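User: I should like to understand how the descriptive terms for this model are justified. Please set each value against its definition.

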Amino acid sequence: MERVVFTSSVTAVVWSGAGAGVGAHREEVADERSWSDLAFCRKFKLWHALAKTLSEKTAWALAMDRGVDMVAINAGLLLAAPGLGLTAAHPYLKGAPDMYDGGVLATVDVGFLADAHVAAYESPTAYGRYLCFSNAVCRPEDAVKLAQMLSPAAPRSPPPSDELKVIPQRIQGKKLNKLMLEFASGVYGELD
């Protein structure tokens, strides 16, 4: 076995119970070093986030114990073709309003996620965790579009203009972007 690519979730990264960053409302930017707070996830019944965080931490412990080269891809909400069962009841979306307000609600299309897995597996410089998303939902128009995708009965128009605000993005995938550029170019460790 050359390498294991473990698929996890952004929800294993974004939920914090400390200081001013309670919930998905973060002062700091969520990146590959961030972990969701287990006690916070239990307290607010964020079972998807709790399960993803525990399973990823367990996988890391087993990989280290057994000397397995592992890379984790922490994916945003997977947007598949319409009609494939993605609804507002999806467990990833528990706490979605807080994720939106915190600038960490992220989605990923299936093609980008597949490419990230291939790059993580085949790239000799891949290591650790990678946040994988193709869109951070930070604008009211994006939120309306996502709501429409999840529930066709959702309103088609954005809220009144006095309620519109762009949320600062507080999640980053720079590490994955660099890996994808290196993989596409075949030049490793030299791109900055």
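User: In which sense do strand 4 and strand 6 pair, and over how many bridges?

Analyst: This is a predicted model, in which local features need pLDDT of at least 70 and side-chain atom pairs count only at pLDDT 80 or more, while totals for chains, interfaces and linings use all residues. Residues are numbered from 1 along each chain as its sequence is written, and side-chain values use heavy atoms, with hydrogens and water left out. Strand 4 (residues 106-109) and strand 6 pair in the antiparallel sense over two bridges. Two strands pair if DSSP finds at least two bridges between them, so the term applies here. A106 stands opposite A136 in strand 6.

User: What makes strand 3 and strand 6 edge strands?

Analyst: The open sheet of three strands has the order 3-4-6, with mixed pairing. Strand 3 (77-79) and strand 6 (135-136) each pair on one side only. Strands are DSSP runs of E with at least two residues, and helices are runs of H or I with at least four, both numbered from the N terminus.

User: Which strands does helix 6 touch?

Analyst: Helix 6 (residues 140-150) packs on this sheet, touching strand 3, strand 4 and strand 6. Contact means heavy atoms within 4.5 Å. The direction of helix 6 makes about 70° with that of strand 3; axes are lines fitted to C-alpha atoms, for helices over the stretch in contact, and angles run from 0 to 180 degrees between N-to-C directions.

User: Why is one side of strand 1 and of strand 5 left without a neighbour in the sheet of order 1-2-5?

Analyst: That open sheet has three strands with parallel pairing. Strand 1 (4-9) and strand 5 (128-132) stand at its edges and each has a single partner strand, so one side of each lacks a neighbour in the sheet. Strand 2 (residues 70-75) pairs with strand 1 over six bridges and with strand 5 over five bridges.

User: Why is strand 5 described as largely enclosed by the rest of the structure?

Analyst: Four of the five residues of strand 5 are buried, which supports that description because buried means under 20% relative accessible area (exposed is over 50%, partly exposed in between; 1.4 Å probe, protein chains only).

User: How do you know that the length of helix 3 agrees with expectation?

Analyst: The expected span is 1.5 Å times one less than the number of residues. For the 20 residues of helix 3 this gives 28 Å, and the end C-alpha atoms are 28 Å apart, so the two agree. Helix 3 (residues 47-66) lies across strand 1, strand 2 and strand 5, and its buried residues include L50 and W60.
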